Amino acid sequence: MEGIFLGKGETAVFLPFSRANRHGLIAGATGTGKTITLQLLAEGFSRAGVPVVVTDVKGDLAGMAFPGADKAPFLKRAQELGLTSYGPQAFPVIFWDALGEQGHPLRATVSDVGPLLLSRLLELSEAQEGALNVAFRWADEQGLLLLVFKDLQALLQHLTTHRDAVAGMSVPSTSLGAIQRRLVVLQQQGVERFLGEPMLDVHDLMLTAPDGRGAVNILSCDRLFQYPRLYATVLLWLLAELYENLPEVGDVPKPKQVLFFDEAHVIFEDAPRVLLEKIEQVVRLVRSKGVGVYFVTQNPLDVPDSISAQLGHRVQHALRAFTPREQKAVKTAAETFRPNPRLDTAAVITQLGIGEALVSVLQEDGTPSPVERVKIAPPVSRVGAISPEERAKVRAASPLAGKYEASLDRESAYEVLTKPQETPVWGGWSWGGGPPRPSQPSRRGDTLAEALLKSAARSVGSSLGRQIVRGILGSLLRGR
């Protein structure tokens, strides 16, 4: 079978490449082996030439850039599973960091993130979210480029001091003021380093090494995860970017890209209904682009039912069952598996040892395999953190070295709105200090010619142009 060897119970279990874009779930209590399973799968996809993106919340996945040490427990497990060719191996790692500290800066423009994700990031009330939507809509109508963080600050300040600028729209000054205060908090968290240019080209996440192995893109998140909403925003924006930019491929022999989102519960915590609906939509549709998404979390109840139903591959490590919620999680996890008459699934979940898991994968015919109690195979790359010197060595060897490191600051809303100007007249409205109408925004740091071409393509119908710029998770209207 063409697939990744996960481990062995009564039989060997493989995750078939042809079904790998049907998404998956890796769950289990702290210390039961979830990260090892994630690393094993990432290695398997990379060997098959499939680029992967993994979020490194604890810093211990960075070791994939170096060969694994001869750890006795891993050697023993390899012998138990009959892995005669087991040996240490490094993988082609590229480091990224939304805060720009431990990898290539990962950036998005303010316009591309959009008001829906920003509202959640800012923890806005319904009224404040409405005000932010109005602000974005007005910026669109005036052709203002919202690229970097200070563009958003300047926009809100302008609307606060020129409230008559938004003709026919009610924008309470209290809402605008509250949003501005929340922006100050975000600024202290380092959001300026994420909202800016040059913006990520998602095709740079789909590189392969000279030997044909897929790049392992490690998003360093140990600092980012200190701000859970910012972490969740980065992941959701990244998922939406892949959906929006990759072509439809249908069923393929192996995925084009696989994402592993660790600590996935923060994506769904306190998410408003409209955002959950958008996430469900993206997860459902992105597999047609050849993209597989694997959520990693402690409790399977962390994933909403509408999304959990789309996860065809399941690796369930041990759960504890002391509290009523934990007991419910055990029952729920057991019920998601295809029964195996030889196993009492609910009982086994609480008895699993470290490095053991209950596993069910989609088979070649698309049906889930009966659940198996499996000893998970050991990874061949290093398990654990790396030194700053080792990280610097990997970063220097990156094929993308120098492409994203320097930030861009083109003329955009900030420069336009803060520049003293004569009183312009637009569409019958007149007031002082308003902006001229520049061209529609380019999403990346393009040349002028490229920007004009993209602007023309994206502006076929103003509402369609705005919808494309906002993207599926950054849409301007609730109904989209």
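**Strand β9 and its neighbours**

I looked up V258 first and found that its bridge partner in β9 is G292. The model I am reading is predicted. Strand β8, residues 257-261, is joined to β9 by five bridges, and the two run parallel. I then checked strand β3, residues 24-27, which also runs parallel to β9 and is joined to it by four bridges. On that side I noted L25 opposite F295 in β9.

I went through β9 itself, residues 291-297, for burial. Seven of its seven residues are buried. I sorted them by direction: V291, V293, F295 and T297 point one way, while G292, Y294 and V296 point the other way. In a regular strand, side chains alternate between the two faces of the sheet. Here both sets are buried.

**Nonpolar cores**

Which residues touch the most other members of the largest nonpolar core? I found W237 and F295, in a core of 85 residues. Helix α7, residues 228-245, gives the most to this core, with eleven residues. I also noted another core lying apart from it, of 42 residues, among them V50, L61, V296 and V394.

I listed the contacts of F295, leaving out residues up to four places away in sequence. F295 touches G24, L25 and I26, and also F261, A264, I267 and F268. The rest of the list is V283, I307 and L311. L25 thus appears twice in my notes, as a contact of F295 and as the residue opposite F295.

**Aromatic rings and charges**

I searched the whole structure for aromatic pairs and got ten. Ring pairs link F17, F45, F260 and Y294 into a cluster. Y294 is one of the β9 residues pointing the same way as G292 and V296.

I next looked for charges over rings. The charged end of R213 sits over the ring of F91, 5.3 Å from its centre. K289 lies over the face of Y243, at 4.4 Å from the ring centre.

**Helix α4**

I took the length of helix α4, residues 126-141, last. Its 16 residues reach 23 Å from the first C-alpha to the last, close to the 22 Å expected at 1.5 Å a residue. Where does the buried part of α4 lie? I listed Q128, E129, A131, L132, N133, V134, A135, F136, W138, A139 and D140 as its buried residues. The list includes E129 and D140 as well as L132 and F136. After α4 comes G143, and I noted its positive phi, near 70 degrees.

Notes. Residues are numbered from 1 along each chain as its sequence is written. This is a predicted model: local features need pLDDT of at least 70, side-chain atom pairs count only at pLDDT 80 or more; totals for chains, interfaces and linings use all residues. Side-chain values use heavy atoms; hydrogens and water are left out. The expected span of a helix is 1.5 Å times one less than its number of residues. Buried means under 20% relative accessible area, exposed over 50%, partly exposed in between (1.4 Å probe, protein chains only). Rings of Phe, Tyr and Trp (its six-membered ring) pair if their centres lie within 6.5 Å; planes under 30 degrees apart count as stacked, over 60 as edge-to-face and the rest as tilted. A charge sits over a ring if NZ of Lys or CZ of Arg is within 6 Å of the ring centre and within 35 degrees of the ring normal. A nonpolar core is a set of buried Ala, Val, Leu, Ile, Met, Phe, Trp, Tyr and Cys residues joined through side-chain atoms within 4.5 Å. Contact means heavy atoms within 4.5 Å. Two strands pair if DSSP finds at least two bridges between them.
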